[in-house]
Amino acid sequence: MSEPKLEDVAKLAHVSKTTVSRVLNQRGYLSEKTIARVYEAMRELNYHPNAVARQLYKKHTNLIGLLFPTIANPFFGELTEALEKKLYDQGYKVIIGNSMNNPQKEAHYLNQLLTKQVDGLIVGTHNQGIQEYHYENLPIVAIDRNMNEDIPVIESDNYHGGEIATERLIASGATHILHTNGPVDLETPAKRRREAYEVTMKKHHLTPITVTLDFNISYAEKRAIFMKMFQDYPEMEAVFASNDVDAALIMDIAAEKGLRIPDDLKVIGYDGTQIVQNLLPTLTTIVQPIDALAQTAVNVLKQRLNGDETDSEYLLPISLKVSTSG
């Protein structure tokens, strides 16, 4: 099967070749509807403009694309800030995209970033099956996300983090311990937190119970799930939350129900961002080394840009921040 051409994109999008070129080069006024139609045709045909590809590998623009679910999340916010500072110090400018866990939006951002001829990408999005990530030799580094075999992953030691959190709650005397995590079918290193929790619980002859949440649900929907968790498991003595935002929400609901922390309910979170530590100093949490994650991602991306060999996985140590919640 022959490679798709610009005229194939134009035909599928029902526009002229000139319009496709204007979309790719971002010249002149075009309606959002037209732009979206062209990008949709490109995705459907798996079309990547050769000129962009040549620029991507041969001409440095000193632009790096950062693509994360949302920088409103404390972890991604602090990670993006650290990445931007380190890249700026290396002489790069950044373009930031919030995918908001929307695969169509993410694919659209990817096409735009490629069109802008970025030198490389650092991504940490949750969506799977996006064809654009399978563009051979594209300088991409992933943080805490499994993209494809060719893209190196930078991550903290999620398994050890889950193990430490669960062992601490068991050592405190809790036997009815719940865990919150993302969907089972989402291929991320964060799944290892769940695996460590379940293995550790079974090792102590305890029953693991994992409450799963989609990443793209609203705050109200998440709150409703946690409210139901309290109703369904009245015997619950402790919760190991897969992130600090969930841990904070669970602690808030517990307070509403008149439960005392840690006497009636123990809670351990995950991420350990500075902002959460400042706003909720009572939270015991597993701390991810955000600065080291950012530095490693920048170092590995530079290796990719230079055509050097890179490992498939980079595992960084976590630490436990002990406070009064668990």
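Which residue in β4 is the bridge partner of Ile122? Hold that thought for a moment while I introduce the chain.

Hi everyone. What we have here is a predicted model, so please keep that in mind as I go. The chain has 326 residues, and 50% of them count as buried. Along the chain you will find twelve helices and twelve strands. If you take the contacts with a separation of 6 or more, 70% of them are between residues 24 or more positions apart.

Back to my opening question. The bridge partner of Ile122 is Val141, in β4. That pair belongs to the link between strand β3, residues 120–123, and β4, where three bridges join strands that run parallel. On to β5 next: β4 and β5 also run parallel, and two bridges join them. Here Ala142 has Val153 in β5 as its bridge partner.

Now look at the side chains of β4. Which of them point which way? Ile140 and Ala142 point one way, while Val141 and Ile143 point the other way. This is a nice example of a general pattern: in a regular strand, side chains alternate between the two faces of the sheet. In β4, the residues on both sides are buried: Ile140, Ala142, Val141 and Ile143.

Let's step off the strand into the loop between β4 (140–143) and β5 (153–156), where we find Met147. Is Met147 buried or exposed? Its relative accessible area is 15%, so Met147 is buried. Met147 also has a partner to look at in β3's neighbourhood of the sequence, Val123: the two are 24 residues apart in sequence, and their C-alpha atoms are 9.1 Å apart in space.

Next, a sheet. Six strands form an open sheet with mixed pairing, and the order is β7-β6-β8-β9-β10-β12. At the edges sit β7 (209–212) and β12 (319–321), each of which pairs on one side only. From one strand to the next, the twist averages 20°. Let me zoom in on one edge. Strand β6, residues 177–181, runs parallel to β7, and four bridges join the two. One pairing you can find on screen is Asn181 with its bridge partner Thr212 in β7.

Now for helices. When two helices pack, we describe them by the angle between their axes and the distance between the axes. Let's try that on two pairs.

The first pair is α7 (residues 158–171) and α8 (residues 191–203). Their axes come within 7 Å and cross at roughly 40°. That is why α7 and α8 are called oblique to each other. The crossing of α7 past α8 is right-handed. Which residues of α7 meet α8? Among them are Tyr159, Gly162, Glu163 and Ile170, and on the α8 side the contact includes Arg192, Ala196, Val199 and Met201. By class, this contact has six nonpolar, four polar and six charged residues.

The second pair is α9, residues 219–232, with α10. Here the angle is about 55°, and the axes are 10 Å apart. That angle makes α9 oblique to α10. The crossing of α9 and α10 is right-handed. From α9, the residues in this contact include Tyr219, Phe226, Met227 and Phe230, and from α10 they include Leu249, Ile250, Ile253 and Ala254. How many polar residues does the contact of α9 with α10 have? There are no polar ones; the classes are nine nonpolar and five charged.

Before I finish, a few backbone details in the loops. Between α10 (244–256) and β9 (266–271) there is a loop that holds Pro262. The peptide bond joining Ile261 and Pro262 is cis, with omega about 10°.

Then there are two histidines. His14 is in the loop between α1 (6–13) and α2 (17–25). Its phi is near 60°, a positive value in a residue other than glycine. His14 has 69% relative accessibility, so it counts as exposed. The other one is His205, in the loop between α8 and β7. His205 has a positive phi of about 60°, although it is not a glycine. Is His205 buried or exposed? With a relative accessible area of 75%, His205 is exposed.

That's my tour. Thanks for listening, and do go and find Ile122 and Val141 in the structure!

Methods: Residues numbered from 1 in each chain as written. Predicted model: local features only at pLDDT ≥ 70, side-chain atom pairs only at ≥ 80, totals over all residues. Heavy atoms only, no water. Axes fitted to C-alpha atoms, helices over the stretch in contact; angles between N-to-C directions. Parallel < 35°, antiparallel > 145°, perpendicular 65-115°, else oblique. Left-handed = near helix turned anticlockwise from the far one by under 90°. Contact = heavy atoms within 4.5 Å. Nonpolar A, V, L, I, M, F, W, Y, C, P; charged D, E, K, R; others polar. Pairing = 2+ DSSP bridges. Buried < 20%, exposed > 50% of the residue type's maximum accessible area, 1.4 Å probe, protein only.
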